[in-house]
Amino acid sequence: MSAPLADQLDIVIPTIRNLDFLEEWRPFFQPYHLIIVQDGDPTKKIHVPEGFDYELYNRNDIERILGDKAWAISFKDSACRCFGFMVSKKKYIYTIDDDCFVAKDPSGKPINVLEQHIENLLTPSTPFFFNTLYDPYREGADFVRGYPFSLREGVPTATSHGLWLNIPDYDAPTQMVKPKERNQRFVDAVMTIPKGTLYPMCGMNLAFDRELIGAAMYFGLMGEGQPIGRYDDMWAGWCTKVICDHLGIGCKTGLPYVWHSKASNPFTNLRKEYKGIFWQEEIIPFFQNVTLSKTSTGVEDLYLELADKVRKGLGHIDPYFSKLADGMVAWIEGWRLLNPPKAA
C-alpha cells in the first residue's frame, strides 16, 4: 500500500474504548503516527493493537500539559480530539472516529482515505468561481469553457472534508423520522465549497493542513458541564470557513468515503442538540455576515478577533457564548504555548 506523506501527517483519534477498529485500517494507517485522545475515565486502560506507532493522552495529561487552560478542551465529548491537533508537530492532520471502517468503491476496492485526502490537500482549490466539472485538477477533468483563465491557478487547500456510507450524519429529528435510512450513494466527486458559503463540517472523516488552518480548528466547548453537544465539529467548520474565505484559501468536500458503522441514539442526541437547533438559526446568520479586519493575516490573530465578535455578536443568545469565546481565547493561548513561533 502506498503511504503518501507518512512523515508529515498525524492521525488523531478520540476514543473511550479499545481501538480494535484499527485492525481493519492497518494496511492504510500503520505507516503513520497516531495521536490518541482518551476521553472519560483516565484510569481506564485502552488497548491499542500491536504494531502501531502512537502516543496516547488522557484527561490527566491534558491538565498537566495545559494547566489553567485545560478547561477549554471538552470532557466526555469527541471534541477532545482537538487537543491532538494542538500537540501534533506535523504539517497535516487526519482525524477519524472509532466507529468508522474501510469503505469500498463501486468496484469493490477498499478506499485508501489518506491517499485521497492528501490528493485533495495537495491540489489547489477554486473558491472564487465554480467549475461545473467539479475538481478541474482531477485526471479526466479540466476547466470548462467560460472559466476565467486568471483564476485557473487556484489557491492552497486548507481542509478536505470526507463523507460516509451506511449511517448518515443526521441530526436527531431527522434520525427519528428516518431511523432505517442508509446512505448507499457513492458520488465520485470532489468540489471546492464556494467563497461565502458555509457548510456543516463533520469531524469523523476530516483532513486539514495544520500549518494553514490548524490554529482555528477548535472543536468548541461541548460535553460535560456544557448546555450543548454535537456542534463541536460544525463550530470548527464555520470558524475555519470564515477565516479561509478571509485569507483566500480553500475547503473541499466529497471523496473519500468511510463506512460509518453505528447510529448514535437519537433521543440522547436530541438532548445534546436541543438548544443548538434553536441557536443555529442565529449562529449561521452571524457567520454569514461577520467580517474580519483586512490588516489581520495570521490565523491565530484572526481567531482571537473572531472570538471577540462571538462574545459581542452571540452573547445575547445565552451566557454560554461568552464562555465559548473565553474558550476560544484559551485555545489560542494553549496553541501558542505548544506551538511557539519559529525563529526567522
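## Burial and overall build

A residue counts as buried when its relative accessible area is under 20%, as exposed when over 50%, and as partly exposed in between, using a 1.4 Å probe and protein chains only. By that yardstick, 53% of the 344 residues of the chain are buried. The structure is a predicted model, in which local features need pLDDT of at least 70, side-chain atom pairs count only at pLDDT 80 or more, and totals for chains, interfaces and linings use all residues. Residues are numbered from 1 along each chain as its sequence is written, and side-chain values use heavy atoms, with hydrogens and water left out.

Let us start with the whole chain. Its radius of gyration is 19 Å, which agrees with the value near 20 Å for a compact globule of 344 residues; the radius is taken over C-alpha atoms, and the globule rule is 2.2 Å times the number of residues to the power 0.38. Along the principal axes, the C-alpha atoms fill a box of roughly 55 × 55 × 50 Å.

## Surface, charge and contacts

About 15,600 Å² of the chain is exposed, and carbon and sulfur atoms supply 54% of that area (Shrake-Rupley method, 1.4 Å probe; for residues, only the protein chains shown count as cover). The 37 positive and 44 negative charges have mean positions 2 Å apart. Here Lys and Arg count as positive and Asp and Glu as negative, while His and the chain ends are not counted; each charge is placed at NZ of Lys, CZ of Arg, CG of Asp or CD of Glu.

Contact means heavy atoms within 4.5 Å. Among contacts between residues at least 6 apart in sequence, 74% join residues at least 24 apart.

## Helix α1 and its partners

The chain has ten helices and nine strands, taken as DSSP runs numbered from the N terminus (helices H or I, at least four residues; strands E, at least two). In helix α1, residues 22-29, the buried positions are Leu22, Trp25, Phe28 and Phe29. Viewed down the axis of α1, these buried residues fall within an arc of 100 degrees, so they line one face of the helix; the arc is that of the directions from the helix axis to the C-beta atoms.

What do the buried residues of α1 pack against? Their partners are the strands β1 (9-15), β2 (33-38), β4 (92-96), β5 (100-102) and β9 (250-260), together with helix α4 (113-122).

## Two buried residues

Ser160 sits in strand β6, residues 157-166, and is buried at a relative accessible area of 0%. Beyond its neighbours within four places in sequence, Ser160 is in contact with His117, Asn120, Leu121, Asn205, Leu206, Ala207 and Lys252. Ser160 and Thr253 are 93 residues apart in sequence, with their C-alpha atoms 5.9 Å apart.

Tyr231 is in the loop between α6 (210-213) and α7 (232-247), and is buried with a relative accessible area of 6%. Outside the four places on either side in sequence, Tyr231 is in contact with Met222, Trp238, Glu273, Gly276, Ile277 and Gln280.

## Backbone points to check

Most residues other than glycine have a negative phi, and most peptide bonds are trans. The peptide bond from Leu255 to Pro256 is cis, with omega near 5 degrees, and Pro256 is found in strand β9.

Two loop residues have positive phi. Tyr134, in the loop between α4 and β6, has phi near 60 degrees and is partly exposed at 39% relative accessibility. Arg230, in the loop between α6 and α7, has phi of about 65 degrees and is partly exposed, with a relative accessible area of 24%.
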